[in-house]
Amino acid sequence: MTIYDWHTGPYPARVRIALAEKGLQSRLRFVSVDLRKGEHKTEAFRAKNYSGTLPVLELDDGTLIAECTAITEYVDALDGTPVLTGRTPREKGVIHMMSRRAELEVLDALSLYFHHATPGLGPHVEVYQNPEWGLYQRDKALRGMRYFDGVLRRQSFVAGEAFSMADIALIGGMIFAGLLRVPVPEECEALNAWYARMQERPSVRNWRTMSA
Ligand SMILES: N[C@@H](CCC(=O)N[C@@H](CS(=O)(=O)O)C(=O)NCC(=O)O)C(=O)O
């Protein structure tokens, strides 16, 4: 299998962490797509992913799977342990919901802030920007962090009492916040404590060097 990704990206980090948690990273060939040069927006790459985003997983039969949640669900189904996307219908539903909420309320909001209210990847990629919308998204992400702080005051992990794909999605948001120097609100003690705990996991400590 081949993964098209970018070695410092928050979304690629989600798939790298999932692969490491499953112990499957050695089955992957990593192909770097240079976002700074706009390689992800070329016609050739869009033939792999219409959305022109990373990461994209290419199976040996040529099947292309984009979208971090979809790739993680595929990888999780490959091998038994640990289960990242839930064992029972209830677990699967709650984990998918909380993973999507981490995207909508933190990770994707920070991505929109990056692309609209900062120089982003440069004018050759950021062909449309709305700084007001971008700043609104940064405030949305801060609200989202406060929401997850509340969740993590009541439970050990984002979707309950076990590590899951939902934690990985929120870790992606925290990685993006760090890259953008968007400070986590000081009152978010539970969120900060959870993230410190997450960073002790080898999969989270080492994701940047996985393709080295
Ligand atoms: N919904 C997509 C979003 C993927 C995404 O935005 N990826 C980033 C990669 S990174 O910024 O995290 O490295 C990207 O391609 N950004 C480039 C762009 O949006 O032009 C997913 O979940 O995979």
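In this predicted model, the protein chain divides into two domains. Domain 1 comprises residues 2–83 together with 205–209. Domain 2 covers residues 89–201. Taken over C-alpha atoms, the centres of domain 1 and domain 2 are 19 Å apart.

The UniProt record carries two domain annotations for this chain. An unreviewed entry places "domain: GST N-terminal" at residues 1–83. That span is 34% helix and 17% strand. The C-alpha atoms at the ends of residues 1–83 are separated by 20 Å. The feature "domain: GST C-terminal", also from an unreviewed entry, is listed by UniProt at residues 88–212. Here the chain is 66% helix and 0% strand. The end C-alpha atoms of residues 88–212 lie 36 Å apart.

The interface between the domains was examined next. In domain 1, 21 residues are in contact with domain 2, and 21 residues of domain 2 take part in return. About 1700 Å² is buried between domain 1 and domain 2. Carbon and sulfur atoms give 62% of this area. On the domain 1 side, Pro10, Tyr11 and Arg14 supply 34% of the area buried against domain 2. No other three residues of domain 1 supply more.

Polar and charged interactions also cross this interface. Between domain 1 and domain 2 there are 2 salt bridges. Arg14 forms a salt bridge with Glu103. The closest N and O atoms of Arg14 and Glu103 are 2.8 Å apart. Arg14 is thus named twice, as one of the three residues with the 34% share of buried area and as a salt-bridge partner. In addition, 8 residue pairs are in polar contact between domain 1 and domain 2, with both residues at pLDDT 80 or more.

Two helices each supply at least two residues to the side of domain 1 that touches domain 2: H1 (10–22) and H3 (68–78). H1 gives the largest share, 7 residues. By residue class, this side of domain 1 divides into 8 nonpolar, 5 polar and 8 charged residues.

Backbone geometry was considered last. Most peptide bonds are trans, and most residues other than glycine have a negative phi. Several sites in the model depart from this pattern. A cis peptide bond joins Leu54 and Pro55, with omega about 5°. Pro55 sits in the loop between helix H2 (43–46) and strand E3 (56–58). Thr81 and Pro82 are likewise joined by a cis peptide bond, with omega about -15°. The loop that holds Pro82 runs between H3 and helix H4 (89–117). Glu67 is not a glycine, yet its phi is positive, at about 80°. Glu67 is placed in the loop between strand E4 (64–66) and H3. H3 therefore borders the loops of both Glu67 and Pro82, with helices defined as DSSP runs of at least four residues.

Technical notes
Residues numbered from 1 in each chain as written. Predicted model: local features only at pLDDT ≥ 70, side-chain atom pairs only at ≥ 80, totals over all residues. Heavy atoms only, no water. UniProt positions renumbered as here; feature names shortened; annotations may be inferred. Domains from an automatic or database assignment. Contact = heavy atoms within 4.5 Å. Buried area = accessible area lost by both parts, 1.4 Å probe. Salt bridge = Lys/Arg side-chain N within 4 Å of Asp/Glu carboxyl O. Polar contact = N/O pair within 3.5 Å; in protein donor to acceptor, adjacent residues only side chain to side chain. Nonpolar A, V, L, I, M, F, W, Y, C, P; charged D, E, K, R; others polar.
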